[in-house]
Every structure is written in C-alpha cells, then in structure tokens.
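Biologist: Please take a close look at the inside of this model, at a nonpolar core and what packs around it. Which residues sit there, and what do they touch?

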Amino acid sequence: MMNTALAKRVDSLFIQGENYKNDIKEKFFLLYEALEEKKEHLITPTLIHAAALIKINKEHKACNCFNIIWLQCIFEKILLHENNHIAKWGVSYVCKLDKTMFDDQFLELFIHVLNNNFLYECQPDEKCPGIVKELSQFLEYAEKSDLLNRFVKKISCVAWGPVAIFYIVHVLRTVSHQESQHSDWQSTELNAIKFLVETNLSMHSRILRTASQTELLRAIPNYVRKINNLSLLANVLATFPSGESLTRGTVPWNVITTWLEKVLAREDVVTFIKETCAKYLNQDASPEINPRTFAIMYVVKLLNEGENTPRFKRILLSKMKNLDIHNLMKFENVLGNCFLHGSVHRRDKKIENYAHLFIENQLNKYYSKHIFTLDHNNDAAIRAEAVILLHRIISNPEFNYAASFGQSVLNELIKNKTKRYFKDSPLHKLKHRIMQILLILEPVLSKEFVPLLQEQLCEFIFSESNQSSVKIMQEWLLIRIFTKNIHLHDKLWSLFAKFILTQLYELMKANYGDNSISEYRGIYQAAVIGLQQESLIKNSSRIQDDFYFSNFHPFNDYCLQTIYYQLPRLTNVSCDEWISSDVFKDLMFMENDCHPLQLCNTGSFLTKSIPSVYLTKSFAGDTHGDSLENNVEIYMEGLNDIQKKIDPSKPIGLCGDTFEVINEFMFLQDTQLQQGLIVVASFVDRSPNLGGIARTCEIFGVKALVVANADCVKDKEFQYLSVSADKWLNILQVKPYELQKFLLDRKNTGWSLIGVEQTVNSTNLMTTTFEKRTILVLGNEKDGIPANFIPLFDKCVEIPQVGVTRSLNVHVTAAICIWQYANQHILK
C-alpha cells in the first residue's frame, strides 16, 4: 500500500504532461515496487535509481514536476524496510542528502530509524561502526544551518536505546570540536538536553549512560557560546548525576569548570547566588532552581544500583579465594562450571559489547578504570577469576591436580568430537574455552598424561574442521608438547613426512646444487604431488605473512593476554570472549616461578597485528553491509537488466492508465468466478507434494485445490513448500470415497474432467486443448488414479517422456499440466 504522502499526490504524477519524462516515472515505480520485496538481491540493483531521482529533483526544481515529497516517499520506504541491510544503506545515503530533504516530518523519521541497534554493528577489524563516520558527515553539514539545532530538539523526544544514543552524542561531541562553528545552543536546545538526560541518560546501563553523559558534558561548552539564562544552565548541569559523569577531578568536571570561568562574569555569579539563597530563605514552595544547583560539583559516591551487581558465581568465587589449596581443590566442579560460564549473546547484546570496547579503547581516559574491567562483562570476570584460582592451585608442586582436571575437560572435548558447529555458536564457545584451559594446564601436566593428550589433539586436527581459534590453540599446544618431549618426535614424521621431505630437498638444492640431489628427485616429486592433492603448497604460500606463521612465538607469547585477548581478537571470535589483561590484573593475578604463565606479552607484535585473512573462515553476516554498498556501486557502473518478481496485484500484460488497469483487472476477476481450473489432489498422500501443488496452484490462478484432508495445511512440511500459498488459495476437502459424487456433480454442470494418467488411450499433453472449465485429477504417488475413476473422465493426458524412469513426481506433473492450462487460458 502507498503511504499517506504518496496517496495525496498520486494525481500529480500523471498531470504533468510533457514536463514529466517517462524515464522518471519508470525509475520511480521500478524502485518503489522493488522496495515491496523482502529479499535483498531483488532490491539492490534498483537502488542506483535513488541517485538518479535525486539528480532529477535538483534539475526540475523550477518546474516542480518531480517534487521533493516523491523523493521522501522513496527514502521513507528504504529507511523503514524490514531488511536491516537495506535500511542501513538508506541511512548512509540519507546522511549525504541536501538539507532541503529534512523537513520536520522527514527528520523525525530519520531520527526514529537511527534508534535501530543494528545500524551500530561493528566488525572485529573496525575501531567503530561505519555509520559513525556517516553521521559525522551529516552533522558537520547540519551544523552549518539550523538543522543541527532542530536535530537536537528532535532527539530529546525519543526513547533511545543505550547504544544508539551513545554514538549519536559521541558524534555531536566530535563535530563540536570543528574550527568553524555555526550552531549556538540557547534555551530551547538546553531544555532539550536537560530532558534527554532526565528521560534517557539516567536509566541505561552504567557504562553507556556514563559515556553518553560525559560526551554531552564535553560538547556543551562548544555549542553554548553565551549564557543568557544562568538558572537554566545550572539546572541542566544538575541533571547529570554527580557520582557518574560529573565528579570532581574528572575530565568532564575540568572541562565544565574551565568553560564557566571563561564565560561567566564574577558579578553575575554573585547575583545569581544571592537571588537563589533569597528564594530558599523565603521558603519558596516551588523555587525555579533545583536545590542541587549551586552545589552541582560536590562529590557523592553513589551506591551500586544493582543492575551490574555480581551474580552468585562472582560471590562464590570471591569466597573461594579465602580457602587454602587443599579445600579449594574440592571445588573442581565449580571451577569447571565457571571456566565454561557464559551463554552466546544475542545480536543486540554483541552490539552493546562492541560499544563498551569502543569506549574502553577510545575514551578510557575519561572514566574510572574499574567500570570497564569489572562491570561491563560479568561473564568474562567469572572466567577470569576461575583462571586465577586454577593458576594458584596448579602452581603448587605438592598437588598433582592438573592431570585429573585436564582429563575431565578433555573428556568434554571428546564428547563433542566431529560435531558440526558455526562461528560463535555455543559449541564453538565450549571448545574455545576448553582449549584455553588446556593451554594453562600444559606446563604442569604429568609425563603419563602428555602422550595421551598429544594423540587426542592429533586426532582432533585431522578428523575435525574446527573454527580458527580452536584450531590454532590445538596446534599451539602440540608445538609446546613436541618441543618439550623429545621422545615424541617420531610422531612428527608420520604427521608431516611429505612437507619435511620437500623442505629438506629445497634446502639441499640451495646449499649443494642440483647434482647432489638427483637421486632424491623421484621422492621429491612424489611428495610434491601428494601436497598438491591436499592443496598444501598453494596454502603454504598464502600464509607466510600471517601473524600466526610469521612472528607468533609459542613460548615467548605464552601469557594470559595472548590466550584470552589477542588470539580471540585475531581470529575474529565474538568480543564477549575477549578478556583483557587489565581484568586479570584488577582481580590480583600473581605470576610465580612454579608456572611460566605471564600476564602480558613482552613484545608488541600481536597488539599491532590485524585479524588473520587466511585463518578466519568467511562469515556472510560479518561483511553483509559492505557487500550491499559494493553491489550498488557495481550496478552503478552499468545496468543491463535486473531481476524483478511478478507483481500479484495486476495481471501480466496490462499497461496504460492506472484506472484502466484496475477496471480491466476487476472485470477479469468477475469472469473467472464462472470458469477456471480446479485441481483435485485427494489421492495425493505426502504433505510436501501437497504443499508444492498448492504453491503452483496459487501462482497460476487455479480456482480451487481439492484435498482429502484440509488439516494438511497445518503440517510443517506442507507449509515449508507452500510458503503461505494456502492463505490465498481456495482449498476444499473431499475424501476419496466422496470424490466420485463430487466429480459427477461438476460434470453435469458443464465442467470437463481430465485425468492425469498413463492409459492406453491417453493423449499427449502437448497437443491437448483444455476447456475453460476444467477439473484436473491427480493420482497417488505410488498407485496413480484408481481404475474405477478412469471411465468418469472426458480424457486422460500424459506427459511425453524420453528417459527410462517410469513417471514424474506428482508435484512436478501437476506443475507441468497447470502451466499448460494457464498458457492457454490465463496468461494470454
């Protein structure tokens, strides 16, 4: 359905005459109709017309034959599209549009769409979401007119999600530092900020609300050049909780106080304080100023509000810290549970975690460190505390705890052996965390357990297709085992014989020349052929520069920072698995001489490395937004033809004036009530076949589908094939024993009965002419049409075949016959 704005102006599209070119209408309706689709690949090719329509609007401003409201209608459909990738593309494009697009109604729509969490999804290799850059361009442009002030007023009226409002306020602050400032916030804008803080920035999670408040406090001095209403400003500042963003000694505090010293005259401040005190002395029942106003910068430590209160496991682990090692070892099950703690987060939670990381990495100097390390990821803190307790136990040489605990976690891996799983799935998280535990246990494992672990790891590597993070840790663990245990080196030959041979051959050739290795050429060629069959030569050339195969050191980089932060980051594991070394440090991790595990890397190579291209398996959802933009750019280079699904609201072949189309379509519908095709599938048993037949019937305008049991539409297999066709199709229930009477009654009223069956006298479907009023009877999947029904038919038809298979599937048969009928009576 067209929206209200489009409906109001529908006449003008056809009245413009010669001023309105046909290609404008074609582009507009092609794009508008494409946006009715849900699938991205059907819409993307048409998005290039959005740019063309913008250009047309600018060129036709004088004649107004393509009013800007038409452009707004198109972008409204794009922004509100249920496919998030289409909406995200729309937001990026709208950010670049001329300010004339942004009347109050369209600005409200745009701001409403900005509240979609999906827009702020951040890829692992990005420092911040791509939409932040687009918004910065938009607000930089808006700042040059009244658009930014209008934007500020509008955002105060929205119930914001914590991630969206943080990034918007962050962009407001970054734009405020531009050298050329035009916007000037006065009473209206300050009241909007006050309302925004009161209604939104006091209720979100602690980190995000503190970050939003801090960014807003840093922005205010850049937008408010002159203070005309000191009482209002004081009340605005008073809305910021003093225990969070506005705390003495913090950056926001210093920014505000420095600014106030510059813009306020001493006499104005004295007068303001006297007037305020006078009002309270006179016991004004409703003073203009908040009681906190002239103490807006006092320090109050707020109690924890409870939303980030550590859960039961945090409390239990804190109590376990006080136990001696002998008693601590009795809590093996608790430790194991805490190591594996943390479910797979929903998409919106992942986006929020990326926002936390952005704040921590880019803005951490403005906030107290403990907020990040302990509050934003409680699951990570639980795993970190469990690691510290395990490290404390296994660092004591008196207890052989590592082998028993290692066996229990290894059994968990064996239990899930060869199971298929996806990136960041629950099974991926489980395997990832178990491998982290085994890496920590490895230095103190017993000599008896190490060979068992080595055998099992080799079996995992060669029998499973694991995600990169799991695979790298398995190989890392094997490298450490083989390096320390010389007696296991014979295992290396059976694992890597071909590769070792080729490397030795190349080394001898480089040092001694071709003559010294001629007798080994046959072995070398056989090894190369084996490696080529396994694609190892091609892959080995691609991975030489990868962090894992170039400078990563299995011993020097053995630390908590690598295991729990750098390696998950570099293998694109979801950021809720990243535990920084600061977390372990704040939880009092202590290095010792009995275990080689360090807190941080000695070098900075891994910190500077980027995620591995070779090792990381592609994941469509990670780059979807970029692929959409790239696809649109590709289509802009040249468009020959695009995929366009049939519009079911009008019959094929009708064209001309809109009202003529509607009238002709209504006339056709009325006439088809008295004639058409009825498909009888009462003999068909299987739900998938019935679902497929229903879909074909609905697409080609079959009048009714007859089935043995109308409840078949509730079957999941039927629904999977029918894809909602049953909602638009007349489905009748006629049991097989009732079918003869049903058919004879229709035959007596002039309907033609056609059986789809191979008989002695059946006719070729290709030469069959169908009556307009036809009933097509299908047979059973196995037995066909019962013999006693054959005499009832006016004729039987069969589909010509050239293969040796006896017959087609009943769904395919029905589709071919229905198409043949439609080709004769419906599609012409």
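Modeller: Contact here means heavy atoms within 4.5 Å. The model is predicted, so to speak of a local feature requires pLDDT of at least 70, side-chain atom pairs count only at pLDDT 80 or more, and totals for chains, interfaces and linings use all residues. Residues are numbered from 1 along each chain as its sequence is written, and side-chain values use heavy atoms, leaving out hydrogens and water.

Start with the whole chain. The protein chain has 39 helices and seven strands. Both are DSSP runs numbered from the N terminus: helices are H or I of at least four residues, strands E of at least two. Of the 828 residues in the protein chain, 48% are buried. Buried means under 20% relative accessible area, exposed over 50%, and partly exposed in between, with a 1.4 Å probe and protein chains only. Take the contacts between residues at least 6 apart in sequence: 78% of them join residues at least 24 apart.

Now the core. A nonpolar core is a set of buried Ala, Val, Leu, Ile, Met, Phe, Trp, Tyr and Cys residues joined through side-chain atoms within 4.5 Å. The largest one holds 92 residues. Within it, F75, F102, F110, L114, Y120 and W160 touch the most other members. Helix α11 (residues 162–176) gives the largest share of this core, 10 residues.

What does W160 touch? Leave out residues up to four places away in sequence, and W160 touches I111, L114, N115, I155, I165, I168, L196, N200 and H204. L114 is thus on two lists: a partner of W160 and one of the members that touch the most others.

Another core lies apart from this one. That core has 64 residues, including I382, L441, V470 and L599. L441 leads to a helix pair. Helix α22 (residues 378–394) packs against helix α24 (residues 426–441) at an angle of about 25°, and their axes are 11 Å apart. Axes are lines fitted to C-alpha atoms, for helices over the stretch in contact, and angles run from 0 to 180 degrees between N-to-C directions. The two helices, α22 and α24, are therefore roughly parallel to each other. Angles under 35 degrees count as roughly parallel, over 145 as roughly antiparallel, 65 to 115 as roughly perpendicular and the rest as oblique.

On the α22 side, the contact is made by R383, V387, L390 and I394. On the α24 side, R433, I437, I440 and L441 make the contact. Six of these residues are nonpolar, none is polar and two are charged. Here Ala, Val, Leu, Ile, Met, Phe, Trp, Tyr, Cys and Pro are nonpolar, Asp, Glu, Lys and Arg charged, and the others, Gly among them, polar.

Next, helix α26 (residues 468–484), where R480 lies. R480 counts as buried at 2% relative accessibility. Setting aside residues up to four places away, R480 touches E442, P443, P554, F555, Y558 and P596. T483 lies in α26 too. T483 is partly exposed, with a relative accessible area of 47%. F555 is 72 residues from T483 along the chain, and their C-alpha atoms are separated by 9.9 Å.

Helix α31 holds T562. T562 is buried at a relative accessible area of 1%. Beyond neighbours within four places in sequence, T562 is in contact with W476, F552, D557, L567, P568, N601 and L606.

Two loop residues deserve a look. Most residues other than glycine have a negative phi. N572 has a positive phi, near 60°. N572 sits in the loop between α31 (560–570) and α32 (581–586), and is buried at a relative accessible area of 14%. M588 also has a positive phi, near 70°. M588 belongs to the loop between α32 and α33 (605–608). At 57% relative accessibility, M588 counts as exposed.

Two more buried sites complete the tour. A238 is in helix α14 (residues 230–238) and counts as buried at 5% relative accessibility. K194 is 44 residues from A238 in sequence, and 8.9 Å away in space, C-alpha to C-alpha. L739 is in helix α38 (residues 739–748) and counts as buried at 0% relative accessibility. Neighbours within four places aside, L739 is in contact with V680, S682, F683, V734 and F789. The C-alpha atoms of L739 and A708 are separated by 9.1 Å, with the two residues 31 apart along the chain.
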